[in-house]
Amino acid sequence: MIPYATIEEASIALGRNLTSLETLWFDYSATKSDYYLYCHNILFLFLVFSLVPLPLVFVELARSASGWFDSYKIQPKVHYSLSDMLKCYIDVMKMFIFVVGPLQLVSYPSIQLIGIRSGLPLPSLSEIVAQLIVYLMVEDYTNYWVHRFFHSKWGYEKIHRVHHEYTAPIGYAAPYAHWAEVLILGIPTFMGPAIAPGHMITFWLWIALRQLEAIETHSGYDFPWSPTKYIPFYGGAEYHDYHHYVGGQSQSNFASVFTYCDYIYGTDKGYRFQKKLLEQIKESSKKSNGGIKSD
Ligand SMILES: [Zn+2]
Ligand SMILES: [Zn+2]
């Protein structure tokens, strides 16, 4: 809710004319309550959960039919049918209706408490980017330790086992988890905004970005053209795929976004060993294939 009745009033309060984006925001949000604006996250999450993994469904089906994209699939022996992926989506939607949505509806007081603002002026682009980077780093660090707890005997058997049902992840499986895990992982997601509270728009972007990142890391595909390849210390799909591939015994690759926590705490040794081994095998098979051709 914006505490000005008109754009003129807002301009006088800010001591300048509103930018075109601020005018748009005024027109949209002036008469809406902060609670209603906060609940927009339910729609955004529904759209992200439903639409973002959809291209990966077509990629998976095309691969099964023709072998296209096979070289990008991290676990190429695994094929998912349309009904497999539909089942995963339905399971995720059940969790969305019964856990994610209600959590958004009741968590508004925490947003009020930390002081997420919805008024004017709007944050600058640099402020939004800086806050999103802080949120990513705080989430990554906190999630790392929560995830390690989930891999304790109790945490795994009682809660985290559900997320690991997909030993070869697919996009729709990113939020596929026990309801308790969904609730607990809300804490790392919320921690960044609690430390550095920003504007409601930044909060919307953060909630969407967090899910986009999770869908990418669970895509099951390592596309060389992914722009995330240019982000320093970014884990990505191949990194998290290994965590699922190793499964319940996995004491490796716990981090959700970056690789440095696993490096610092020594929980990426198995992954690095296997990666090196695979590269050596690839290299020697290239050499032996080259030898056959030249004969
Ligand atoms: Zn895990
Ligand atoms: Zn996962």
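**Close-up views of a predicted model**

**View 1. The largest nonpolar core of the predicted model.** This core comprises 23 residues, and M85, C88, V92, I170, Y172, A173 and Y176 have the most contacts inside it. Two or more residues are given to the core by each of helix 4 (40-51), helix 6 (82-106) and helix 12 (200-217). Helix 6 provides the largest share, namely six residues.

**View 2. Surroundings of C88 and a second core.** With residues up to four places away in sequence left out of the count, C88 touches I170, Y172, A173 and Y176. Separate from the largest core is a second one of 16 residues, which includes L37, I111, I116 and M200.

**View 3. The two domains of the protein chain.** The domain assignment places residues 1-31 in domain 1 and residues 33-294 in domain 2. Taken over C-alpha atoms, the centres of domain 1 and domain 2 are 37 Å apart.

**View 4. Contact between domain 1 and domain 2.** Ten residues of domain 1 contact eight residues of domain 2. On the side of domain 1 that touches domain 2, helix 1 (7-14) and helix 2 (20-29) each contribute at least two residues. The largest share of this side, five residues, belongs to helix 2. Classified by residue type, this side of domain 1 consists of eight nonpolar residues, one polar residue and one charged residue.

**View 5. The span annotated in UniProt as "domain: Fatty acid hydroxylase".** The unreviewed UniProt entry lists residues 133-267 under this name. Helix accounts for 55% of the span and strand for 0%, and the C-alpha atoms at its ends are separated by 23 Å.

Definitions and conventions
Residues numbered from 1 in each chain as written. Chains lettered and ligands numbered in written order. Predicted model: local features only at pLDDT ≥ 70, side-chain atom pairs only at ≥ 80, totals over all residues. Domains from an automatic or database assignment. Contact = placed C-beta atoms within 7 Å. Helix = DSSP H or I, 4+ residues; strand = E, 2+ residues; numbered from the N terminus. Nonpolar A, V, L, I, M, F, W, Y, C, P; charged D, E, K, R; others polar. UniProt positions renumbered as here; feature names shortened; annotations may be inferred. Core = buried A, V, L, I, M, F, W, Y, C linked by C-beta atoms within 7 Å. Buried ≥ 20, exposed ≤ 12 C-beta atoms within 10 Å, placed from the backbone.
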